[in-house]
Amino acid sequence: MEEKKDEVGFAEREEAIWARKSWESLSALRLRRPLIQCITNFVSMDFMANTLLAAGASPAMLHGLQEIPDFTPYVSGLCVNIGTLTADWVHSMKAAAAFCSQLGKPWVLDPVAVSASEFRMKACRELVGLRPSVIRGNPSEIIALSSASLGATKGVDSSDKSTDAVHAAKSLSQASGAIVAISGAIDIVTDGEQVIGIHNGVPMMQLITATRCAVTALIAAFVAASPSNIFVATAASLAIFGLAGELGMEKAGGPGSLRMHLIDSLHGLDEATILSRVHIHSLS
Amino acid sequence: MEEKKDEVGFAEREEAIWARKSWESLSALRLRRPLIQCITNFVSMDFMANTLLAAGASPAMLHGLQEIPDFTPYVSGLCVNIGTLTADWVHSMKAAAAFCSQLGKPWVLDPVAVSASEFRMKACRELVGLRPSVIRGNPSEIIALSSASLGATKGVDSSDKSTDAVHAAKSLSQASGAIVAISGAIDIVTDGEQVIGIHNGVPMMQLITATRCAVTALIAAFVAASPSNIFVATAASLAIFGLAGELGMEKAGGPGSLRMHLIDSLHGLDEATILSRVHIHSLS
Amino acid sequence: MEEKKDEVGFAEREEAIWARKSWESLSALRLRRPLIQCITNFVSMDFMANTLLAAGASPAMLHGLQEIPDFTPYVSGLCVNIGTLTADWVHSMKAAAAFCSQLGKPWVLDPVAVSASEFRMKACRELVGLRPSVIRGNPSEIIALSSASLGATKGVDSSDKSTDAVHAAKSLSQASGAIVAISGAIDIVTDGEQVIGIHNGVPMMQLITATRCAVTALIAAFVAASPSNIFVATAASLAIFGLAGELGMEKAGGPGSLRMHLIDSLHGLDEATILSRVHIHSLS
């Protein structure tokens, strides 16, 4: 009886600490207004830019290979997303990622549909070799990329089991040095040892294109604003985006209006709402 | 008197049958959740993806030539739209269309502004040669493409007369083997013999960019979910998108809010609404 | 006392005249429905097209180099925006701009982030040499471009002071022959001699991506509809877009809903609202 009470008390205290950290991370982002370069797919650009602006960051969709040596040294962080990949974009992604790694700037990789082709998998493996700060994907993407990064000769079949994905995420994190985040009904973040679960968000967010692309860019912004604690910043950005979706859902009549209310909610988020509604728990 | 009653009765029964078929087509789409590859113009990508998601399909905006041999064999259908055409995109469109034709997968062509240049007309003629399942265009696009496909030495002048366009559409359908759809105040669908008119939609939909691009992708999704009856699936998708626009218009204060409410309405469409409000009639 | 009254009376009459001219400019646009070719960045395409449609213009996002000789001669105006620049797009921009200049068609340049790289600055200098009708930028962009166009060996450091920017804008206007517009809390327009300030708009418009890209396209549409008075058309478009933002803000709960209500408001603007709420004053 006493033990059970203690466990409940511990879980409540842990959740309160994470909620406080999430608010501090958002406050740091709003204060520092980081400039985030996004080399991303065409579908996501509008929603990604509006997500970054609503959160308090400054987006820059600039991908020309010739411009990267002049521009990338001045950004606070970089988001690379391979959604609509072609060879010329891979060159730009690698050049910008290499600059960030050399200069100690955070950058985040979204391996969209990494299993769709050999070309895409090869590009992702090379990008992982350029030491992203964070990799965020769906379970099947993380499993495929983890398997490939560990030198398996054949890709693991696509799967949505989070238990499989947690194992894969830990391995990928250890092999790459990146924090790894898995999106799902419960979002998961791991640094290769610790594993936490984020319980914010609503299912209808998956019916809005590029929501997961947008949250990857948001991770880049949170991490750029709090570079000394990438693990916390990653968890906070997932929780806060999910919470904005929950608040948006209270007003939405479908995916069209959810998209709009999510952006409004992200812009308007205050301390009291975050402290009472962010739900992050340790899973390891 | 009796005859008139019979005619009215026949028209009513015909309309009820089409409404029932439209509901069945949407139900098949929602059940099968087809994966639709879209090689489309930059302007349309966001709205097209959100339209497909709201209807129940799964969009994939993937256009890299290197990826098509790995990816296209796994899709349920393909939408090709030439809106922001350049030479490299033509290669990808032709490669993906050829895969679909070889593999018996449905694909749909949107010949946006086909008369804008010789380059565009040539690309469209080649795409028509790869045997699209459906071609959807505006009257002037269908007239121009029909004339070109029939070997006329000079393009017919652009025209919006639906009577001219119906003739052109039938010819284009017979020459190409595709179902041909014409968008307008009344949408028209023909298989070269039968001609039907779809009376759903509102004029303000034309003030939202990419609505017609989006409905072409929706045709691809409907056809992919019901490949055994492409004619019906094409008509159903046009009626249902138009109906979503009508429902959206009841709440909209202008084209910005119509865009949002259209997506919400498409997502929420139910059987009773479709049975009472889809209006399709035979014209031939 | 009498003098003060006269000044107030003069300012009121001046403001009323500008409001009347703004309404006339919008009426000309709605009447003529100009076809505006947009060679613009990927982020802006959707919102730019919807802005043009809501105002009454007809957008055409067509950028293929091979198509420009066939297509550009038929447009009413051109908007060039360098946001997501690469070398192939520069070729298209220059080709389309050269056509417009040769044919006496208005075209408008948006030098987005011109200081971001040498590549971008070089492209902009070449575009300025092709005699745009209007250049619209932020203060730092206009200062950088003005300095470069005047042959300064080193770019002026980025600055947001409108006083500096006014001087730079006048110089840029005199050197290029273009009307120059500066966006800011107060928008400024100059022909190299006259300087006017436009007091419409709300700060939250800056939290919507591509609002300034969209207003540049709107300038192209206004100028194309009233080519005999480019100075007035430029001022009117900035005032009317700002006013649509003000009206949208009355209903908005954040940047997501502002974006939607701005488009609705732009579409619905009427004479009485424009006459009572457009605020343009002479600054020179």
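A salt bridge is a side-chain nitrogen of Lys or Arg within 4 Å of a carboxyl oxygen of Asp or Glu. The model is predicted: local features need pLDDT of at least 70, side-chain atom pairs count only at pLDDT 80 or more, and totals for chains, interfaces and linings use all residues. Residues are numbered from 1 along each chain as its sequence is written, chains are lettered from A in the order in which they are written, and side-chain values use heavy atoms, without hydrogens and water.

**Exercise 1. Describe the interface of chain A and chain C.**

Step 1: extent. Contact means heavy atoms within 4.5 Å. By that rule, 22 residues of chain A touch 24 residues of chain C.

Step 2: area. Buried area is the accessible area (1.4 Å probe) that two parts lose on being put together, summed over both. Here that area is about 1900 Å², with 62% from carbon and sulfur atoms. Glu67(A), Met260(A) and Asp264(A) supply 25% of what chain A buries against chain C, more than any other three residues.

Step 3: charge pairs. The two chains share two salt bridges. Glu67(A) and Arg120(C) form a salt bridge, at 2.6 Å from N to O.

Step 4: elements. Helices are DSSP runs (H or I, at least four residues) and strands likewise (E, at least two), numbered from the N terminus. On the side of chain A that touches chain C, α2 (45-55), α3 (68-71) and α10 (255-268) each supply at least two residues. The largest share, six residues, comes from α2(A).

**Exercise 2. Place Thr84(C) in the structure.**

Step 1: locate the residue. Thr84(C) sits in the loop between β3 (77-81) and α4 (87-103) of chain C.

Step 2: check accessibility. Buried means under 20% relative accessible area, exposed over 50%, partly exposed in between (1.4 Å probe, protein chains only). Thr84(C) has 5%, so this residue is buried.

Step 3: list the neighbours. Beyond four places in sequence, Thr84(C) contacts Met61(A) and His63(A), plus Asn41(C), Phe42(C) and Val43(C). A polar atom of the Thr84(C) side chain lies 3.2 Å from the backbone nitrogen of Phe42(C).

**Exercise 3. Trace the surroundings of Ile274(B).**

Step 1: locate the residue. Ile274(B) belongs to helix α11 (residues 271-277) of chain B.

Step 2: check accessibility. Its relative accessibility is 0%, so Ile274(B) counts as buried.

Step 3: list the neighbours. Outside four places in sequence, the contacts of Ile274(B) include Trp23(B), Leu26(B), Leu243(B) and Ile240(B). Ile240(B) is 34 residues away in sequence, yet 7.5 Å away in space, C-alpha to C-alpha.

Terms used:
Polar contact = N/O pair within 3.5 Å; in protein donor to acceptor, adjacent residues only side chain to side chain.
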